[in-house]
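Visitor: Please pick one part of this molecule and take me through it closely, residue by residue where that helps. I work at the bench, so plain language with concrete values would suit me well.

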Amino acid sequence: MKVEYTYIPNKREAVKNLRYYLWYVYAPWLFMDLALAVVFAAQLALQPRDPRPFIYGFFVLVLVPVLSYFRYISAMLNGADILGPLEQENTIGLSDHELTSRFGKNAVSVEYRKLKYFFLCGKRLFLIAEKNILCGTIRLEKIPGYEAELIAALRADGVRELRFWSFRRWWKRVLIVLVAALLVFGTKYFIDYSRNAEREWSQTERE
C-alpha cells in the first residue's frame with residue numbers, strides 16, 4: 001500500500017480532533033470522576049454533619065478534569081504553533097509500515113510498530129502511542145478504497161484497536177464507583193438502623 005493526501009489543517013479542526021481523542025481515550029476516567037462527585041454530593045445530603053471534606057472532594061473531582069481539558073488543548077495548540085503545521089499545506093503519506101507527515105521543509109515519520117492503539121471515530125482514524133499519546137489523525141475520506149488496507153497494515157504491525165466499551169478499560173472504574181456508593185449508602189443505612197434500634201430499646205425499657 002502506498003497512498004498520500006494533502007490538506008490544510010486549521011485550529012478548529014485540530015481542537016475537534018483533540019476533543020474526540022480526549023473523550024474516547026479518557027471516558028472511563030471521566031465517568032469515574034463525575035460518578036464519584038455524585039457520590040460525594042449524596043454523602044453531603046445524607047450526612048451533613050461535617051461537609052467540608054466532601055465539598056473539597058466534590059470540587060476537585062469536577063474541576064480537575066475540566067481544567068485538565070483546557071490545559072491540554074492549549075498546550076497542544078501551542079506546540080503546533082511552534083512546529084508550524086497549522087494553516088499550511090500538510091501531506092500525509094501512508095505505506096504498509098509507516099506514516100509520514102510533510103509540512104513545508106519539515107517531515108516526520110512514525111513506524112506503525114511503535115504505536116500501541118488505533119481507534120475509529122466517524123471518518124477519522126486516531127493513532128495512539130505508549131502512555132496514550134496522540135500521534136496522528138488520518139482522514140479516511142481522503143483515502144477512499146484504502147481504509148481496510150490501512151487497518152490491516154496497522155494490525156499486521158501489532159497495533160491493537162482500542163474499543164470504547166472494552167471491559168478491560170471500564171471494570172476498575174465502575175468497581176471503584178460501586179464500592180464508594182456502597183460505603184456511603186451502607187454507612188447511612190447502618191447509622192439509621194442503629195439509631196432506630198437504640199430508640200426502640202429505650203422505649204422498651206421505659207415500658
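Guide: Happy to! Let me start with a term: two strands count as paired if DSSP finds at least two bridges between them. Please keep in mind throughout that this is a predicted model.

With that in hand, here is the part I would pick: an open sheet of four strands, in the order β7-β6-β5-β8, with mixed pairing. Its edges are β7, residues 134-139, and β8, residues 160-161, and each of these pairs on one side only. In the middle of that order, β5 (residues 117-121) runs antiparallel to β6 (residues 124-128), and five bridges join the two. One of the residues to find there is C121, whose bridge partner in β6 is R124.

Since C121 is a cysteine, a natural next step is to ask about disulfides. A disulfide is a covalent bond between the sulfur atoms of two cysteines. A search of the whole structure turns up zero of them. C121 is partly exposed, because its relative accessible area of 21% is not under the 20% that would make a residue buried. C135 is also partly exposed, with a relative accessible area of 37%.

Now to the charged side chains around these strands. Side chains of opposite charge can pair when their charged atoms come close. The structure holds seven salt bridges, and a few of them are worth a visit here. K116 and E130 meet in one, at 3.9 Å from N to O. This pair links distant parts of the chain: K116 sits in the loop between β4 (106-111) and β5, while E130 sits in the loop between β6 and β7, 14 residues apart. K116 itself counts as partly exposed, at 23% relative accessibility.

Another salt bridge joins R113 and E111, with the closest N and O atoms 2.7 Å apart. R113 is exposed, with a relative accessible area of 57%, whereas E111 counts as partly exposed at 26%.

For the other edge strand, look at E161, which forms a salt bridge with R163; there the closest N and O atoms are 3.5 Å apart. R155, E161 and R163 belong to one network, joined by salt bridges that share partners.

To place the sheet in its surroundings, step back to the whole chain. There are four helices and eight strands, and the elements run β-α-α-β-β-β-β-β-β-α-β-α from the N terminus on. Of the 207 residues, 36% are buried. Among contacts with a separation of 6 or more, 62% are between residues 24 or more positions apart.

One long-range example involves W23, in helix α1 (residues 11-46). W23 touches F164 as well as L30, leaving aside residues up to four places away in sequence. W23 and F164 lie 141 residues apart in sequence, yet their C-alpha atoms are 9.9 Å apart.

Last, a stop at the surface. I55, Y56, F59, L63 and L67 form a nonpolar patch there, with about 520 Å² of accessible area together. One of them, L63, lies in helix α2 (residues 52-83) and is partly exposed, with a relative accessible area of 42%.

Conventions
Residues are numbered from 1 along each chain as its sequence is written. This is a predicted model: local features need pLDDT of at least 70, side-chain atom pairs count only at pLDDT 80 or more; totals for chains, interfaces and linings use all residues. Side-chain values use heavy atoms; hydrogens and water are left out. Patches are made of residues with over 30% relative accessible area and no salt bridge: like charges are joined within 9 Å, nonpolar side chains (Val, Leu, Ile, Met, Phe, Trp, Tyr) within 5 Å. Accessible areas come from the Shrake-Rupley method with a 1.4 Å probe; for residues, only the protein chains shown count as cover. A salt bridge is a side-chain nitrogen of Lys or Arg within 4 Å of a carboxyl oxygen of Asp or Glu. Buried means under 20% relative accessible area, exposed over 50%, partly exposed in between (1.4 Å probe, protein chains only). A disulfide is a pair of cysteine sulfur atoms within 2.5 Å. Contact means heavy atoms within 4.5 Å.
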